[in-house]
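This briefing covers a pocket and a set of helix contacts. Please look over the structure below before reading the points that follow.

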Amino acid sequence: MGQGDETNVEALIAQVIAREGDYSDHPADRGGATRFGITEAVARADGYTGPMRRLPLAWAEAIYHRLYWTAPGFDRVAIRAPRLAEELFDTGVNMGPGVAAGFLQRALNALNRQARDYPDLATDGRIGPMTLAALDAFLRHRGAAGEVVLRKAVEAMQGERYLQLAERRPANEAFLYGWLADRLS
């Protein structure tokens, strides 16, 4: 996946929408009403004023592209490590892009061999020049296998967070199986 290649992100968005389904308003879901996985709060913040049951598909796709791919910098990660970027996008959709970016930063810090390969990063949940430089250095030192390891590290943190959410709030147990089955490879 190269810079400007939107085919992959469009496929990722289509997969998320297929998994999330159309309209939902599950009583145990603190996010409230959703359509195509977009919460009412996110839709309203984006300027949508109509009923959630009628949120247009194109609007949802645009939100995913802008807020969950480009704004958090996952498109810039994709230039370097496409499979890792796909995982960050999926994690970001479900947990928030800042959480996904923070997972990447934590993994990069833990894998930098005590700052010998590159300096530790602030875990601020934002992918900027320092995070991208650390990712570049990590991939330079670890090669193609490094992307697989980073993806596994992000998935491990994602799985742990799902378990914590279910442990802290028993109502989340209604979603735990699906979270783990649909998102961890």
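**Largest pocket and helix packing**

The largest pocket has a volume of about 830 Å³. The model is predicted. The points below take the lining of that pocket, then the packing of helix α6 against α5, against α8 and against α7.

**Lining of the largest pocket**

- The largest pocket is lined by 28 residues, of which Glu 20, Asp 29, Asn 94, Phe 175 and Trp 179 are the closest to its centre.
- Two or more lining residues come from each of α1 (7-20), β3 (38-39), α3 (57-70), α5, α8 (144-168) and α9 (173-183).
- Helix α9 gives the largest share of the lining, six residues.
- Sorted by class, the lining of the largest pocket holds eleven nonpolar, nine polar and eight charged residues.

**α5 against α6**

- Helix α5 spans residues 82-95 and helix α6 spans residues 97-110; the two pack at an angle of about 135°, and their axes are 6 Å apart.
- Because angles over 145 degrees count as roughly antiparallel, the value of about 135° leaves α5 oblique to α6.
- The crossing of α5 past α6 is right-handed.
- On the α5 side the contact residues are Leu 84, Leu 88, Thr 91, Gly 92 and Met 95, and on the α6 side they are Pro 97, Val 99, Ala 100, Phe 103 and Leu 104.
- Eight nonpolar and two polar residues make up the contact of α5 with α6, with no charged residues.

**α6 against α8**

- The axes of α6 and α8 lie 9 Å apart, at an angle of about 125°.
- These two helices are therefore oblique to each other, and the crossing of α6 and α8 is right-handed.
- Helix α6 contributes Val 99, Phe 103, Leu 104, Arg 106, Ala 107 and Leu 108 to the contact, while α8 contributes Leu 150, Ala 153, Val 154, Met 157, Gln 158 and Arg 161.
- Nine of the residues in the contact of α6 with α8 are nonpolar, one is polar and two are charged.

**α6 against α7**

- Helix α7 covers residues 129-142, and its axis comes within 10 Å of that of α6, with the two crossing at roughly 45°.
- Helices α6 and α7 are therefore oblique to each other.
- Their crossing, α6 with α7, is left-handed.
- Leu 104, Gln 105 and Leu 108 of α6 meet Thr 131, Ala 134, Leu 135 and Phe 138 of α7.
- The contact of α6 with α7 has five nonpolar residues, two polar and no charged.

**A residue to look up**

- Leu 104 of α6 appears in the contact with α5, in the contact with α8 and in the contact with α7.

Conventions: Residues are numbered from 1 along each chain as its sequence is written. This is a predicted model: local features need pLDDT of at least 70, side-chain atom pairs count only at pLDDT 80 or more; totals for chains, interfaces and linings use all residues. Side-chain values use heavy atoms; hydrogens and water are left out. Axes are lines fitted to C-alpha atoms, for helices over the stretch in contact, and angles run from 0 to 180 degrees between N-to-C directions. Helices (H or I, at least four residues) and strands (E, at least two) are DSSP runs, numbered from the N terminus. Angles under 35 degrees count as roughly parallel, over 145 as roughly antiparallel, 65 to 115 as roughly perpendicular and the rest as oblique. A crossing is left-handed if the near helix is turned anticlockwise from the far one by less than a right angle, and right-handed if clockwise. Contact means heavy atoms within 4.5 Å. Ala, Val, Leu, Ile, Met, Phe, Trp, Tyr, Cys and Pro count as nonpolar, Asp, Glu, Lys and Arg as charged, and the others, Gly among them, as polar. On a 1 Å grid over the protein atoms alone, a cavity is a set of points where a 1.4 Å probe fits but cannot get out, and a pocket is an open set with protein on both sides within 12 Å along at least five of seven lines; lining residues have an atom within 4 Å of a point. Grid points are joined across faces, edges and corners, and a volume is the space filled by probe spheres set on the points.
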